[in-house]
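Q: Please take a close look at one part of this structure, a helix, and then set it beside the other local features. Keep the account plain and tied to the model.

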Amino acid sequence: MTDTTILPRPEVSGDFLVAALYHFARLPRFESLREPLFALCQENGVKGTLLLAAEGINGTIAGPDAGIHAVLSFLRAQPEFAALEHKESRASHMPFVRLKEIVTMGVPDIDPNRIVGTYVEARDWNELISDPDTIVIDTRNDYETAIGIFKGAVDPQTKTFREFPDWVKNNPGLHNKPKIAMYCTGGIRCEKATAFMKEQGFDEVYHLKGGILKYLEEVPEEESLWEGACFVFDERVSVVHGLAEGDHQLCHACRNPITPEVRLSPKFEEGVSCPSCYEDRSEEDRQRFRDRQQQIELAKKRGERHLGR
């Protein structure tokens, strides 16, 4: 594929370093890593979500630079994670409220350690998805695709990743072109999705290495085929080219991302509703959310940290 000139990444200011990471590996001893990893994060002021399981690790964490580097060093010191890759960005404020460690990962019975699609570097992605013989599939969920997607990509409009296998089986038209190109936020769902596609008999299956985040980091905006912003699972809500923070916020009633324009809607009320969820809530629900929002505002005035967000 034709090489694309990579321009220097724009400087993104922020006091907190954010690291998105994942690595598939056979890790039957994952339970033994839980406590030391959790303790190390706490000691170094690192917060976020880490998903640890027998098939590897996935997550996004944030904290002071030294703290993030300490956690990454600990992980790479484990033989299974020696080749762990991560992507960095910055945040102007701590994007996570707490450290959350969950022992679960993705769709069961799909093993990317055994079979997986072909990696495509960010600089080569445009050429692949511009090929008329390629079907481009966004493997993320509907609330993520609502604020950004690659030009010409198919949106499965799934509510959760567990719906993806059924969506594939119910769309025989995916066999109409020889190439399947898949992408997600950071690469983890792509690994699972391409493994599943290969098991379903698709031959030429490709996925964006490092996901949308790597693409937004490396590909100049003037050459980009990305449209919109990329949803991220922290209080930044979205990022744009150069991994700068986007202008989206969360509706704390339904957790959907909303734009500044949506906040002007008569159906938007801070902590209570937005146009996406207004019709799904009763007035009783909205009053309950108003009461909760009032408690949040009171806690802010008292200088307390509200952990329920």
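A: In this predicted model, the helix to look at is α6, where Ile 188, Arg 189, Cys 190, Glu 191, Lys 192, Ala 193, Thr 194, Ala 195, Phe 196 and Met 197 are buried. That makes ten buried residues out of twelve, so the helix is mostly covered. The buried set includes the charged residues Arg 189, Glu 191 and Lys 192. Helix α6 covers residues 188-199, and its length can be checked: at 1.5 Å a residue the expected span is 16 Å, and the C-alpha atoms at its ends are 17 Å apart, which agrees. After the helix comes Gly 201, with a positive phi near 100°.

Positive phi values also occur outside glycine. Gln 157 has phi near 55° and belongs to the loop between β8 and α5 (164-169). Its relative accessibility is 57%, so Gln 157 counts as exposed, the cut-off for that class being over 50%. Leu 243, also not a glycine, has a positive phi of about 60°; this residue is in the loop between β13 (238-239) and β14 (249-250). Leu 243 counts as buried because its relative accessibility is 3%, and buried means under 20%.

The next topic is the aromatic residues. A search of the whole structure gives twelve aromatic pairs. One of them joins Phe 150 and Trp 226, with 5.0 Å between the ring centres and 80° between the planes, an edge-to-face arrangement. The class follows because an angle over 60 degrees counts as edge-to-face, and the centres meet the pairing limit of within 6.5 Å. Phe 150 is in strand β8 (residues 148-150) and Trp 226 in strand β11 (residues 226-228), so the pair links parts of the chain that are 76 residues apart. Both partners count as buried: Phe 150 has a relative accessibility of 1%, and Trp 226 has 6%. The two rings also belong to one aromatic cluster, together with Trp 125, Tyr 183 and Tyr 215.

Two other rings have a charge over the face. Lys 209 lies over Tyr 119, at 5.7 Å from the ring centre. In the other case the charged end of Arg 286 is placed over the ring of Tyr 278, 4.1 Å from the centre.

Glu 121 is found in the loop between β6 (118-120) and α3 (122-129). With a relative accessible area of 31%, Glu 121 is partly exposed, because this value lies between the 20% and 50% limits. Its C-alpha atom is separated by 9.9 Å from that of Glu 218, although the two residues are 97 residues apart along the chain.

Last comes the interior space. The structure holds one cavity of 30 Å³ or more, and the largest cavity has a volume of about 30 Å³. Its lining consists of Leu 37, Phe 38, Cys 41, Leu 50, Leu 99, Lys 100 and Glu 101. The elements that give two or more residues to this lining are α1 (30-43) and β5 (99-102). By class, the lining residues are five nonpolar, no polar and two charged. The charged ones are Lys 100 and Glu 101.

Terms used: Residues numbered from 1 in each chain as written. Predicted model: local features only at pLDDT ≥ 70, side-chain atom pairs only at ≥ 80, totals over all residues. Heavy atoms only, no water. Phe/Tyr/Trp six-rings, centres within 6.5 Å; stacked < 30°, edge-to-face > 60°. Helix = DSSP H or I, 4+ residues; strand = E, 2+ residues; numbered from the N terminus. Buried < 20%, exposed > 50% of the residue type's maximum accessible area, 1.4 Å probe, protein only. Lys NZ or Arg CZ within 6 Å of the ring centre and 35° of its normal. Expected span 1.5 Å × (residues − 1). 1 Å grid on protein atoms, 1.4 Å probe; cavity = no way out; pocket = protein on both sides within 12 Å on 5 of 7 lines; lining within 4 Å. Points joined across faces, edges and corners; volume = space filled by probe spheres on them.
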